[in-house]
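Biologist: Could you walk me through this one? I'd like to hear the reasoning behind the labels, not just the labels.

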Amino acid sequence: MSDNNRQFKIQDTVPVRTIGIETERENLDFQHRPPHRYAHVWFAPRPTPVSRLAVLASVLPDSIDDDTLLNWMGFKPSNRNPDNSIAEHVRNKRQTKDQRSGSEHEHYGYRKIWRYTPSDTEKDEIHNSLENTWDGELPTVLDATAGGGSIPLESIRYGLPTIANELNPVPSVVLKALLEYTRTDVDLTDDIIKWGNEIDSRAGEELQEFFPERDNEKIQTYLFAHRVTCPDCGLKVPLASNWWLDRNRGGGKAVRPKVNDESDYVDFDIVDIPEDVERDEFNPTDGTISYSKMTCPRCHVTLGSDSLKEKLQEDDFDYQLYAIYYDTYTSGGCEFRKPDEKDFEAFEKATEFADSDVDISTSLTESIPSGEKTTELHRNGMTEWRDLFTPRQLLTHHTYWQKFEEVKQEIHDEYPEQQAESILVYLCLVADKALDYNSRMAQWDASQPKIGHMFAGSDFAFSWSFVEHNLIVEDHGYDWMLSNIAEDVYGGVRDLLENSDAPSEVLQGDASDLSIDDGDVDAVVLDPPYYGMIMYAELGDYFYVWMKKYLKDIIPDFFNSTLTEKEDEAVANKSRFEGVESDELSKKELARREYERKMTSIFDEMYRVLNPSGIFTMMFTHKETEAWDTLTKALIESGFVVTASHPVNTENQHRVQQAGRNSADSTILLSSEKRDLQRSEPTLWEEVKKDTQARAQEKVKQLESQEAEFTKVDMMLASFGPTLEIFTKNYPVVDDTGEEVSPQTALDEARGAVRDYLIEQYLNEGIRDVDAKTEWYVLAWFVFEAQRFPYDEGRRLAVGVGENVDSLKKENRMWRTKSGDIVLRPHGDRVQDVNKASENRSGRKPVDPDSLSFSTALDKVHAAMHIYDAKGATEAWNWMNDRNCGSDPSFRATLEGLLRVLPHDHDDWKLARDLEAGETGEMLDLDLDSSIFNNDEDDEDRQGSLNDF
Ligand SMILES: C[S@@+](CC[C@H](N)C(=O)[O-])C[C@H]1O[C@@H](n2cnc3c(N)ncnc32)[C@H](O)[C@@H]1O
Ligand SMILES: [Zn+2]
C-alpha cells in the first residue's frame, strides 16, 4: 500500500552513535536540562537527541545525508576538521573528552543540541525538502502517548503541524502548559511570579507560627524519622537506615543517637565524622534499620519487617524530628542544628491544628486503590492519599491551595480567560513541584547535601527517615520553585518555541480512540508504555488528587473522575487480574494479553489516522523477547510492515556498569508502513529463517562499523528490527506442516545468529566443543556481561545450547536465584573444601576436588581454581597433571573462555590468570593474545564495550 517511490531518511542509515553520545551529554548534565524537563515529574522522559532524530528522520527523504541531518539537528561544530564527517568529529571528541583542557562545550565545538532551534533560513531549507517529499505540504506529526512532551516539542520547534495526545490528565495538563500556553504573544512570566508571590506571602503569614525560626536563620529542611516503641524496653526508637547529614565535606557530619536508661526518648548530637569513620566507635552508616529489620539501640532486640509494617498499618507510630538544615542571613552558608523545644512545640501545634480543622481533616480522603505499585503504600499503612503526608505537611499544602483559591477570582477578574488559565495552570505546576519535595517519602540526600525528591524512581519507595521542606522560607522554598517554573520552564519553553508558527493541538484521551479524521496524519512518532515497566496512572494519582482541587473548574474535562483512568491504560498490570486468574491463565499471562489487546487497538487507530503513504516510527526500550513478541503481533494484526530499525544508546555505559546492571538501556527506533490488509500467500519458515540469520548478522556488522558502543544484549536486540522487517513482509509465515510460525521463533533465530557471530568474533571457538552445561555458563557471562540477569533470558540461552536451565541450578548448582533473577555461582560456591575431611564438607557443593573425573569441564576448572587457591601453584600442577589437564581440550577451552569473559576484578578471573601463568601455564600452553591481560586499570570502561574484547 505504501508509496514505493517515497523513502524516508529513517529507512536508510542514521548516525546512531552520534545521537548516543549527545544523549549522554544531555543526561550527564543534571544542572542544565532542557526546560520542559523541570515542569513536572513524569516517567520515562525522552532526551532531546532521540526525540529530534525520530521526528526529523521520519519525515525527511532518504536523499538527505548524515551530515546534513546532523547539521539541521544542531550539530554545528566550530572546530571540525573538514576532512571528517560530523559523526567522526563527534566520535573523536567523545574519545578525547577526558583529556580536554577547556569546557565541554569548547571541546565539542557546539552547545548541547537541545539549545538549538533552527533559524528561519535553515527552517526554510528543511521545509523545502519536506514539501518536495510531501506533495507540497508540511507533514503533520502525531504523538499519541505524549507524556511529558519531548517528541511534540521537537516537532513544533521544527515548524511541523503537531498533534500531542495523552491519556493521563496529569501529563495532559503539562502538555497544555508547555505546548499551548507558552505560544502566545503576551509573555506572562512576571504575572505568574507576581501571583505566586502573592500566594506565598499569604500562606507564609498563616503558616509562620508553625515554622518558628531563630534569629539569623532560614530553615530549609526538617529531617524526620518514623518512630516506634521497642516492644522489649519501651524506648521510642527513631527509624533510619543511616544517620548521615552530610557526606560531602571530607568525612562529613552526622547525628549520633544518645541512649540511656533514664529516658525512653532518644536524643541526638550533631557530630563531625573523621574520614576513617569505619574505625571510629560510631559509624553513621549503622542506623536502627538494616535489611528492613529494626534493632533497638538500647536493648538490641530486633523487630522484623512484618512487625514494623504492622505498626505502621495500625497507626502505632509517630514522627521524631532529629535535625534541622538552615541557611544564615549573614554568612550564607548552610548549617545543621538540633531541634529545640520551640521546634517540637510548633510541630505539635501544627498537628493539633490539622487534626481539628474540618477542611484539612476531611481533605484528600480518596482511597488509594491497591495496584502493582500502590500495594507498597498499603503495606506501609497508607490507604488514603492524605496518609502520604505528616499533619504539618498536609496543613502546608492545604494552606497554599487555599491561597491559590483566594487569588483565583482576582486573576480571573484581571486577565482575559486564556491568560488567566495559563497563569493558574502554571501556579498549579509550582504546587506539584512542592508535592514532590514535601511528603513522608521525600528523602534526604546526604551526598550533596540537599533535599531529594520523592519520585527519584518510578515507584513509591518508602523510607524510614524523610524530610519536610519548609515552603515558606525565603529563597529556598515555594519562591524558589515558583521562579523555576515561571522563568526556567515557562520562559525557557517560550524561548524554544518562539520561532515556530506551526499549528499544534493537545488532545486528552485514549490513543485508541482519537478525534482525528482518517488519513489526516503523515507521521506517527510514538513512545508507548513499555509493557509492565511503569504504572503511570497508579503513580500519577499522587498528583491527580491535588490537581483536581486546583484545576477542576479550569479544565473540567480532565478532572471528572475520583482518580485517574486506569481501564484504558496500555500497560501490563498484573494486579488488575487479582482473583480472575486460573490454573491455565496466570495473572501475568492475562496482563500480557491485555497489553497486547490495547496496543493492537492503539496501532489500529494509528493505521486509521495515518495517510496511506505515511510512516509510523516507534521507540521501544524493552529487553525481554516476550515484550517484543507481543508488540510485533500487535503491529502485524493492525496491518503494519516493519521497514527499518535503529538501536540508539540512551544511557551512559559507565553509570550502568557502576549500578551493577547487566546492560544499558538502548532504545530501538522501529519504523513501519501500512501493509495491504489483504492476507497474502504464506511464506515458508525455512526461507525466512535463512534471510533472518543473514540480516541479523549484517545488522551487527553495520553497527560495529559505526563504532557503536553496545552491550551484547543490545546487539541482539538490534537484530530484532531487521528480523521483524523480514517477518512482517513475508507474513504469514508457516512451517512445513502448514502451522503458523510466531514472531518469537524468528526473534530467537536472530538472537542465535548474533550470538554465533559474536562468539566467532570475540570468544575462543573451542568453547563450542565443550559440554553444553559449561558452554551455557561461559556464554551467560559472555552475553550478559554480569553475574546477574533475568531468568527468562538465561532460560532462552539454555534452550539455545540444548539444556534445561532449572537442572543447571538443581543438579549442577551453576546458579542461584535472587528476586527472580539468575545469579551465576563462582567456584567458591561450587567446590568442596579440599582441606576438610570428606565427612565435614558441605553437601551443598557439588564438586569434589579429590575426584579424578568430572561431569562438566566447568567443574574441573573450578576445582583446579580451588586447589590453586587453597594449596598453591605446585600442588595445583600436581593435581592438574594427575588429571591430564594439559591435554584436555575442554579444560583448556573453558579456562580460556573464562579468562575472556569474567570481569578482571572477579576472584575467579584472578585464579584463572594464575593458572594460566607459571608452571601450570606451561603445562596448559594456551595460545592467548596479550590483550586479554592488558589495561587492567581501565577495566570498568572495558566491560561495557564490545570494541575492547
Ligand atoms: C513512555 S511514556 C511517554 C514519555 C514521553 N515520550 C516523554 O518524553 O515524556 C508513555 C505514555 O503513554 C501514556 N498512555 C498509557 N496508555 C495510554 C493510552 N491508552 N492512550 C494514550 N496514552 C497512554 C502514559 O500515561 C505515558 O505518559
Ligand atoms: Zn529496646
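Biologist: Let's start with a helix. Which helix is P171 found in?

Modeller: P171 belongs to helix α8, which covers residues 169-180. Keep in mind that we're looking at a predicted model.

Biologist: What makes P171 count as buried?

Modeller: Buried means under 20% relative accessible area. P171 has 1% relative accessibility, so it counts as buried.

Biologist: And how far apart are P171 and D316 in space?

Modeller: They are 36 Å apart, C-alpha to C-alpha, with their positions 145 residues apart in sequence.

Biologist: Now a loop residue. Where is I516, and why is I516 called buried?

Modeller: I516 sits in the loop between β16 (504-508) and β17 (521-526). Its relative accessible area is 8%, and the cut-off for buried is under 20%, so I516 is buried. From its C-alpha to that of L590, 74 residues away along the chain, the separation is 31 Å.

Biologist: On to the zinc ion (ligand 2). Which residues coordinate it?

Modeller: C230, C233, C296 and C299, each through its SG atom, at 2.3 Å. Donors have to lie within 2.8 Å of this metal, and 2.3 Å fits that. Along the sequence, the spacing of these donor residues reads C-x2-C-x62-C-x2-C.

Biologist: Why is the arrangement around the zinc ion (ligand 2) called tetrahedral?

Modeller: For four donors, all angles must lie between 85 and 135 degrees. Here the four donor atoms subtend angles of 104 to 114 degrees, so the arrangement is tetrahedral. The ideal angle for four tetrahedral donors is 109.5 degrees.

Biologist: Buried or exposed: what is C230? And what about C233?

Modeller: C230 has 2% relative accessibility, so it counts as buried. C233 is at 26%; partly exposed runs between the 20% and 50% cut-offs, so C233 counts as partly exposed.

Biologist: What surrounds ligand 1?

Modeller: There are 26 residues around ligand 1, and the closest are W42, R46, G148, E166 and D527. By class, that shell has 12 nonpolar, eight polar and six charged residues.

Biologist: How do you know that G148 makes a polar contact with ligand 1?

Modeller: A polar contact needs a pair of N or O atoms within 3.5 Å. A backbone N or O atom of G148 is 2.8 Å from an oxygen atom of ligand 1, so that pair qualifies. Polar backbone atoms of A511 and D568 also lie within the cut-off: A511's is 2.9 Å from a nitrogen atom of ligand 1, and D568's is 3.0 Å from a nitrogen atom of ligand 1. Taken alone, ligand 1 exposes 600 Å², and the protein buries 99% of that.

Terms used
Residues numbered from 1 in each chain as written. Chains lettered and ligands numbered in written order. Predicted model: local features only at pLDDT ≥ 70, side-chain atom pairs only at ≥ 80, totals over all residues. Heavy atoms only, no water. Donors = N, O, S within 2.8 Å, 3.2 Å for Na, K, Ca; no water. Tetrahedral: all angles 85-135°; square planar, octahedral: opposite > 155°, others 65-115°. Buried < 20%, exposed > 50% of the residue type's maximum accessible area, 1.4 Å probe, protein only. Near = heavy atom within 4 Å. Polar contact = N/O pair within 3.5 Å; in protein donor to acceptor, adjacent residues only side chain to side chain. Areas by Shrake-Rupley, 256 points an atom, 1.4 Å probe, with all protein chains shown as cover. Nonpolar A, V, L, I, M, F, W, Y, C, P; charged D, E, K, R; others polar. Helix = DSSP H or I, 4+ residues; strand = E, 2+ residues; numbered from the N terminus.
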